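I opened this entry to look up how a small part of the fold is put together, and then how the chain is divided into domains. My notes follow in the order in which I looked.

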Amino acid sequence: MGDAIEYRLQTAVDARRDDLVALCRDLIRIPTLNPPGLNYREICGYLAERLARSGFGVELVRAEGTPADSSKHPRWNIIARHEGARPGECVHFNSHHDVVEIGHGWSVDPFEGVMKDGRIYGRGACDMKGGLAASVIAAEAFIATCPNYTGAVEISATADEESGGYGGVAHLAEKGYFDPSRVQHVIIPEPLNKDRICLGHRGVWWAEIETKGRIAHGSMPFLGDSAIRHMGAVLEEIEQTLYPLLATKHTAMPVVPEGARQSTLNINSIHGGEPEQEPGYTGLPAPCVADRCRIILDRRFLIEEDVTEVKREVTALLERVKAQRPSFQYEIRDLFEVQPTMTERDAPVVKTVAEAIEKVLAKQPAYVVSPGTYDQKHIDRIGRLKNCIAYGPGILDLAHQPDEWVGIDDMLDSAKVMALTLAELLTG
Ligand SMILES: [Zn+2]
């Protein structure tokens, strides 16, 4: 690719600055909250109209039969494809269109797309409507600048990433949309910062542990058996033995932030005894010994670890508690499991994006691995495509926070990197 093309591509992206801002704000204004999965059809329709205007063939796919799909909350996805002048490789940008709940602590309307000091604020601004908007602008700028390119450009916006991706990328991968015969390069514009390439992610195992007891009157607890006290013993054992063990397990994966370069465990929730009452209930609780207590574990593991060993550590811990507490009974249920994945540094998409970052930002990219999983897991495992990275604008730490924002210049820079990547891969 010559300097002249690079210059024209960057100019073409700069010329679309207002368009990029408007697109990002429009996307934020469609509140695609997940759960439950609101306005998926609306956002797909909006993108379909825009991309059809830019010459893409568009397809809307509903992930019928996937976990959260219902007639009230259908899981809609859009895949748009633009064909070049002759057949060749396909570069695919995949963004999730869903956003998480807003939570508390916002100083602006989370669905207004407020623009202030070179930033756009809103739920999903950085995770990841800013990245989606940047990829659309990059593709449109590339197609306008290099209309005779070889191959194809695809853009997808998919559902449910925040809840596992089964109604989104997993479904499309199962339908063959990420088959290596159809798509050769995948970039997921998650907010990993414009100068970093994310090669993959750690593994996950979620499990529910339930301790069992016997209900009795709270004034005579000795007649019952408290599942909460049993769970207290489990939590104590986790503190005393499991956390210290996890702190000794380190990875060679370049995970960011650095605190995640070891095995980690979060206890997502705890529930014991009486179910919580509806908000607004003003009565007192009933005095009962808890006969059930449940926690949900969120264990993140390393590429160096084996998932069977990860599970064995927890069952061994429960057996240790059992040995010390005569009436202790438990159940453990697997909820969710994802293997760690990491794309090779010399994979074509990694090398090409790295060169484009050097050209646009005049610096070497950093290579990172995400502490949490994202849709790469489905592209890797179901789609069997290994040439996949996450690259996009926005600061990862802002994701899911109040006053989430994305920088306009960051979106523009990463759109330039994406446009140069397209030119390198498709005009060779
Ligand atoms: Zn995301």
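In this predicted model, I looked first at helix 4 (residues 125–145), which lies across strand 5 and strand 16 and runs at about 40° to strand 16. I then turned to helix 10 (residues 408–426), which also lies across strand 5 and strand 16, but runs at about 60° to strand 16.

Next I looked up the sheet to which these strands belong, and I found an open sheet of three strands in the order 4-5-16, with antiparallel pairing. Strand 4 (115–116) and strand 16 (405–407) each have a single partner strand and stand at the edges, so one side of each has no neighbour in the sheet. For the pairing of strand 5 (residues 119–121) with strand 16, I noted three bridges in the antiparallel sense, and I recorded Trp-405 in strand 16 as the bridge partner of Tyr-121.

I then went on to the domains, and noted that the chain is divided into domain 1 (3–201 + 340–426) and domain 2 (203–275 + 286–338). Taken over C-alpha atoms, the centres of domain 1 and domain 2 are separated by 36 Å.

Which residues make up the contact between them? I counted nine residues from domain 1 and 13 residues from domain 2. On the side of domain 1 that touches domain 2, strand 14 (residues 366–370) supplies the largest share, three residues. I also entered the character of that side of domain 1, where the residues divide into six nonpolar, two polar and one charged.

Definitions and conventions: Residues are numbered from 1 along each chain as its sequence is written. This is a predicted model: local features need pLDDT of at least 70, side-chain atom pairs count only at pLDDT 80 or more; totals for chains, interfaces and linings use all residues. Two strands pair if DSSP finds at least two bridges between them. Helices (H or I, at least four residues) and strands (E, at least two) are DSSP runs, numbered from the N terminus. Two residues are in contact if their C-beta atoms, placed from the backbone, lie within 7 Å. Axes are lines fitted to C-alpha atoms, for helices over the stretch in contact, and angles run from 0 to 180 degrees between N-to-C directions. Domain bounds come from an automatic or database domain assignment. Ala, Val, Leu, Ile, Met, Phe, Trp, Tyr, Cys and Pro count as nonpolar, Asp, Glu, Lys and Arg as charged, and the others, Gly among them, as polar.
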